[in-house]
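Student: I have a structure to go through and would like to know what stands behind the labels used for it. Can we take them one at a time?

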Amino acid sequence: MIPIKSKEEIASMREACRVAATVLSRLREMVAPGVNTYDLDQAGREFMRELGAKSACHNYRTGRLVFPAHTCLSVNDEVVHGIGKLQRVLEDGDVISLDVVVEHDGFIGDNAATVAVGEVNGETARLLKVTEESLAAGIAVAREGKRVGDISSTVQRYVESRGFSVVRQFVGHGVGRSMHEEPQIPNFGRKGTGPKLRAGMTLAIEPMVNQGGSSVRVLPDGWTVVTEDGTPSAHFEHTVLITSGEPEILTQLKF
Ligand code: MF3
Ligand code: CO
């Protein structure tokens, strides 16, 4: 069952997502050579506190594992779920994926972006651009009456036609009172398949794109996902409300 949010629930989702987007935007501004990922994570924790929210990742459990950080910070070949570390100092030419999931007033806002540290090489810059554009392309088809597979196939075609690959082991998801609700939203699939989209659904669409092959593995810390071939990876994510018309990007800051 895919939850349909009421007017009141949508108002709360807007607030949670505005907080998530504000925290992500503040973290983006801090990214620079010489900054370590532990300090970024602690800053994220503090921004959430200031905005009346808390991390939905901190103490998140899967099986026997407990996620120890407040944000997911994934550098270069790290795809998702990286853990901030004092020793991980950002260098010119790195890329870092910042994934911010907050809980505010009982609702979750989820968004992510990959940021260049200083100057990155041309192919890595193109990876970031294509991944961000693939998210926009996926969102553009997230409309009432379409199906999840329409989002999935749009993202996949956008990415693969430009020479990159989509990660298959991790997928987007419905989001609301909990971080992961139905439906799953893979970044690969066939158009016209999967659950039908209805107004009032709130979905986290999140392409994870590798410069090389699509294979990934998990490091011995139990969390950090890396590319098997060591090539860089990028991740962009928005929480989106399905409406009777244009999709509303809840994690887009409006100025
Ligand atoms: N955006 C990620 C997701 O949708 C956040 C997970 S953070 C975790 O799964 F640490 F809790 F795993
Ligand atoms: Co997510």
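Tutor: The turns below set values against cut-offs, and the model is a predicted one.

Student: Which residues coordinate the cobalt ion (ligand 2)?
Tutor: Asp110 (OD), His173 (NE2), Glu206 (OE) and Glu237 (OE) coordinate the cobalt ion (ligand 2), at 2.1 to 2.3 Å. A donor has to lie within 2.8 Å of this metal, so atoms at 2.1 to 2.3 Å qualify. Along the chain the donors follow the spacing D-x62-H-x32-E-x30-E.

Student: Why is the arrangement around the cobalt ion (ligand 2) called irregular?
Tutor: The 6 donor atoms subtend angles of 64 to 168°. For six donors to count as octahedral, opposite ones must be over 155 degrees apart and all others between 65 and 115. The lower end, 64°, falls outside both ranges, so the arrangement around the cobalt ion (ligand 2) is irregular. For reference, ideal angles for six octahedral donors are 90 or 180 degrees.

Student: What makes His173 and Glu206 buried?
Tutor: Buried means under 20% relative accessible area. His173 has 4% and Glu206 has 7%, so both residues meet the cut-off.

Student: Where do His173 and Glu206 lie in the chain?
Tutor: His173 is in strand E9 (residues 172–174), while Glu206 is in the loop between strand E11 (202–205) and strand E12 (208–210). The two are 33 residues apart, and the pair links distant parts of the chain.

Student: How do you know that E9 pairs with strand E10 (residues 181–185)?
Tutor: Pairing takes at least two bridges. E9 and E10 are joined by 3 bridges and run antiparallel, so they pair. One bridge partner of Gly174 is Glu181 in E10. E9 and E10 form a hairpin, with 6 residues between them.

Student: What is the strand order in the open sheet of 5 strands, and which are its edge strands?
Tutor: The order is E10-E9-E11-E16-E17, with antiparallel pairing. E10 and strand E17 (248–249) are the edge strands, since each pairs on one side only. Strand E16 (residues 238–241) is joined to E17 by 2 bridges, and Val240 stands opposite Ile249 in E17.

Student: What makes Phe67 and Trp223 an aromatic pair that is edge-to-face?
Tutor: Ring centres must lie within 6.5 Å, and planes over 60 degrees apart count as edge-to-face. Phe67 and Trp223 are 5.1 Å apart centre to centre, with 85° between the planes, so both conditions are met. Phe67 lies in the loop between strand E3 (65–66) and strand E4 (72–75) and Trp223 in the loop between strand E13 (216–218) and strand E14 (225–227), so the pair ties together parts 156 residues apart in sequence. Both residues are buried.

Student: Which strands make up the open sheet of 3 strands?
Tutor: The order is E5-E14-E13, with antiparallel pairing. Strand E5 (78–80) and E13 are the edge strands. Between E5 and E14 there are 2 bridges, and Glu78 has Val226 in E14 as its bridge partner.

Student: Why does Asn76 count as partly exposed?
Tutor: Partly exposed covers values between the 20% cut-off for buried and the 50% cut-off for exposed. Asn76 has 22% relative accessibility, so it counts as partly exposed. Asn76 is found in the loop between E4 and E5.

Student: How far is the charged end of Arg162 from the ring centre of Tyr158?
Tutor: The charged end of Arg162 sits over the ring of Tyr158, 3.6 Å from its centre. For Arg168 over the ring of Phe188 the value is 4.6 Å. The distance limit is 6 Å, so both values fall within it.

Note on methods. Residues are numbered from 1 along each chain as its sequence is written. Chains are lettered from A and ligands numbered from 1 in the order in which they are written. This is a predicted model: local features need pLDDT of at least 70, side-chain atom pairs count only at pLDDT 80 or more; totals for chains, interfaces and linings use all residues. Side-chain values use heavy atoms; hydrogens and water are left out. Rings of Phe, Tyr and Trp (its six-membered ring) pair if their centres lie within 6.5 Å; planes under 30 degrees apart count as stacked, over 60 as edge-to-face and the rest as tilted. Helices (H or I, at least four residues) and strands (E, at least two) are DSSP runs, numbered from the N terminus. Buried means under 20% relative accessible area, exposed over 50%, partly exposed in between (1.4 Å probe, protein chains only). A charge sits over a ring if NZ of Lys or CZ of Arg is within 6 Å of the ring centre and within 35 degrees of the ring normal. Donors are N, O and S atoms within 2.8 Å of the metal (3.2 Å for Na, K and Ca); water is not among the atoms, so sites may look incomplete. Four donors count as tetrahedral if all angles lie between 85 and 135 degrees; four count as square planar and six as octahedral if opposite donors are over 155 degrees apart and all others between 65 and 115; anything else is irregular.
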